[in-house]
Amino acid sequence: MPADAPIAREAVVVPRKPQDGPLNLVGLTREQLRAALIAAGTPEDKAKMRVAQIWQWIYQKGVRDFAAMTNLAKSYRAELAEKFVIEVPEVVSRRISADGTRKYLVRVGGGHEVEIVYIPEEGRGTLCISSQIGCTLTCSFCHTGTQMLVRNLTAAEIVGQVMVARDDLGEWPEPGRAPKNETRLISNVVLMGMGEPLYNFDNVRDAMKIVMDGEGISLSRRRITLSTSGVVPEIARTAREIGCMLAVSFHATTDELRDRLVPINRKWNIEKLLDALRQYPKLSNSERITFEYVMLKDVNDSDEDARRLVKLIAGIPAKINLIPFNEWPGAPYQRSDWERIEAFADIIYKAGYASPIRTPRGEDIMAACGQLKSATERARKSRREIEAEAGMG
Ligand code: SAH
Ligand code: SF4
């Protein structure tokens, strides 16, 4: 890629549209919900309690119908039903991989589609959710990066992804029963689907606050990981305003290579990124940062790369997650050989860092990291490909 190539494509980010019909209560912060209830006639001195009650129904019991909110007066329930709705994305399809990984395709406002991936593991389950439809960035190894950004997801659409996965997994208590205490099916949430979460900061923050809230989805902030390609100015804000675990898509140990793999590096280079990361654990009171490193054959996988990586991150409490490259049709890279990945991991491990190699999951259903791309876009592309093949393009 030439040095003066644009880092991000031109994108029109459509702001949250004013609601045409009744207001959706999903995704509203406590303050926003309180204000909405007061505006709809709830007495101010009751509003705080009503917020807590409604949140519990929506996020802890999975209720979508005001009529079922039995600790509220019948007349109040009817008023709520007139003015508000409880809406989550609509599941269009679900595929289950041979290894148990589930991929959902959901439709959000405007008819766009987003993918969500659920990865069950021994004693835990991770839900990988998206923050944008497409991505403005153009990381050269990422399938999402080949898709134009369509728009930011709203807070409702982000927290709604967790809710529809809970619907499918049956992870809501039976009506009238206390929440389950056994191991949660969705024990972890990672913002590693489509999009750059720090380019949709406010909506991601509002959604994650609901996920972390004791009266919301109620997952500890240590079980939420936000992955960024390196939007340096928003990193300290992430620590202060969200406080979740941070993962960074590092992928290269020289600016020359990182400029090509993760083009946002041309704006904020490795040195600036590392400066911001050094501050993160203190600011967010979290133990360590995850460095994600995609293993690309003969590109970034030499012993020398491993040694440089260890030197660069010296002093930062870190774990290095090695991701065998997930291939997608037309990808310009190949996955490093297994022995190479192990040799790389070994150097990092001997330097004192945990260096887990991420087991590729759900590859048979294109559900692996970096493979997510909306179905509408794929269909469009394949049509174009077909036309080209037929000599029509
Ligand atoms: N935009 C954010 C989060 C989404 S990507 C980010 O870039 O961090 C989640 C992770 O998958 C990132 O580390 C990303 O670099 C990685 N990734 C993207 N494409 C990949 C691929 N084809 N194979 C393996 N990992 C990939
Ligand atoms: Fe966007 Fe992340 Fe893919 Fe880069 S790796 S194009 S930032 S989704």
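This passage describes the nonpolar cores, one strand pairing and one ligand shell of a predicted model. Local features were considered at pLDDT of at least 70 and side-chain atom pairs at pLDDT 80 or more, while totals for chains, interfaces and linings use all residues. Side-chain values rest on heavy atoms, with hydrogens and water left out.

In soluble globular proteins, nonpolar side chains tend to be buried together. Here the largest nonpolar core (buried Ala, Val, Leu, Ile, Met, Phe, Trp, Tyr and Cys residues joined through side-chain atoms within 4.5 Å, where buried means under 20% relative accessible area with a 1.4 Å probe and protein chains only) has 104 residues, and those with the most contacts inside it are Phe141, Met208, Leu277 and Phe291. Helix α4, which spans residues 155–169, gives the most to this core, with nine residues (helices are DSSP runs of H or I with at least four residues, strands runs of E with at least two, numbered from the N terminus). Apart from this core lies another, of six residues, among them Val117, Ile119, Val190 and Met192.

Strand β3 (residues 90–96) runs antiparallel to strand β4 (residues 102–108), and six bridges join the two, strands being counted as paired if DSSP finds at least two bridges between them. Arg95 has Lys103 in β4 as its bridge partner, and in the hairpin, which has five residues between the strands, Gly100 takes a positive phi near 95°.

Ligand 2 is surrounded by Cys135, Leu137, Cys139, Cys142, Gly145, Gly195 and Ser229, each with a heavy atom within 4 Å of the ligand.

Conventions
Residues numbered from 1 in each chain as written. Chains lettered and ligands numbered in written order. Buried < 20%, exposed > 50% of the residue type's maximum accessible area, 1.4 Å probe, protein only.
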